[in-house]
Amino acid sequence: MERNLKVRAVVTSVKPLGDIHKSVSLFSPESGLIYATVYGGRKGKKSSLAPLFSVGDFQVYHNPVKNEYSIIEEDCLFLPQNINTDIEATYTASYFCETVTRIKTDTPQMVYNLLVSALLALEKTPENRRKILIDYTWKLLNISGTAAELTECPSCSRVLPENEVLYFSTSLMSPVCRNCSDTESIVLLPGSRKYLIYTQKMSFEEALSVQLYETAQERLIQTLLRYVNAFCRYPLKTISSGML
Ligand SMILES: [Zn+2]
């Protein structure tokens, strides 16, 4: 493996590493998640390297002995401003970044494209963050191969009429009919189900332009967040902290 690499990536987390350095995680279209160190990254010139939620081309050094990556330089392609000045948009972006670190994927390119699209949309219209959260989450569940068709029950294969309310099966990690569910608390109402079916094959941007009533949005978000938590096996921090 080459020691000096050029990696295009999103900065998905930034943490202090002692008093002087910082540790960052990057999500790249080729390799998915990469953990890297910015030596001297907490002070001086290097502190501006790899800001959270930025997208850039990173010059990375790989130490084969320690199997460790360190960031030398960043050519920044996207530096969020609106996201960072809006606390709720910041929480939403943190949730996006946490999901990509938790979902196992064979298609990091698709996950990367979705993550960048969601961050750009959030930067452009932070006030639209609830709708962006819905379309991002539904697309992510589809990319990761976990989303059900929602037209028939995945457990008993019964075709589901349009007006039927769906429940959730935590063992199947999917919405199912009432008979097949093992929980009463998560429901998918007919209007929300219609929306999910309608937008399932669309691109993220296309789905974003489809209207959804605000009251339906909040209920659907609760369902989708439970769906993601079930899929990730244990709760995401950004969800369990109540930030969303
Ligand atoms: Zn069923």
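This is a short walk through one protein chain, from its overall dimensions to one sheet. Keep in mind that the model is predicted.

Start with the inventory. The protein chain carries eight helices and eight strands. How compact is the protein chain? Its radius of gyration is 20 Å. The globule rule gives 18 Å for 244 residues, and the two values are close, so the chain is as compact as a globular protein of that length.

Now the extents. Take the C-alpha trace along its principal axes, and the span is about 60 × 35 × 30 Å.

Next, burial and contacts. What share of the residues counts as buried? For the 244 residues of the protein chain, the figure is 33%. On contacts, consider those with a separation of 6 or more. Of these, 55% join residues 24 or more positions apart.

On to the sheet. Three strands make it up, and the sheet is open. The order reads β7-β6-β8, with antiparallel pairing. Which strands stand at the edges? They are β7, residues 174-176, and β8, residues 183-188. Each has a single partner strand, so one side of each is left without a neighbour in the sheet. From one strand to the next, the twist averages 50°.

Let me zoom in on one pair. Strand β6 covers residues 166-169. β6 and β7 run antiparallel and are joined over three bridges. For a residue to look up on screen, take Ser169: its bridge partner in β7 is Ser174.

To recap: eight helices and eight strands, a chain as compact as a globular protein of its length, and an open antiparallel sheet ordered β7-β6-β8. That's it from me.

How values were computed: Residues are numbered from 1 along each chain as its sequence is written. This is a predicted model: local features need pLDDT of at least 70, side-chain atom pairs count only at pLDDT 80 or more; totals for chains, interfaces and linings use all residues. Helices (H or I, at least four residues) and strands (E, at least two) are DSSP runs, numbered from the N terminus. The radius of gyration is taken over C-alpha atoms; the globule rule is 2.2 Å times the number of residues to the power 0.38. A residue is buried if 20 or more other C-beta atoms lie within 10 Å of its own, exposed if 12 or fewer, and partly exposed in between; C-beta atoms are placed from the backbone. Two residues are in contact if their C-beta atoms, placed from the backbone, lie within 7 Å. Two strands pair if DSSP finds at least two bridges between them. Axes are lines fitted to C-alpha atoms, for helices over the stretch in contact, and angles run from 0 to 180 degrees between N-to-C directions.
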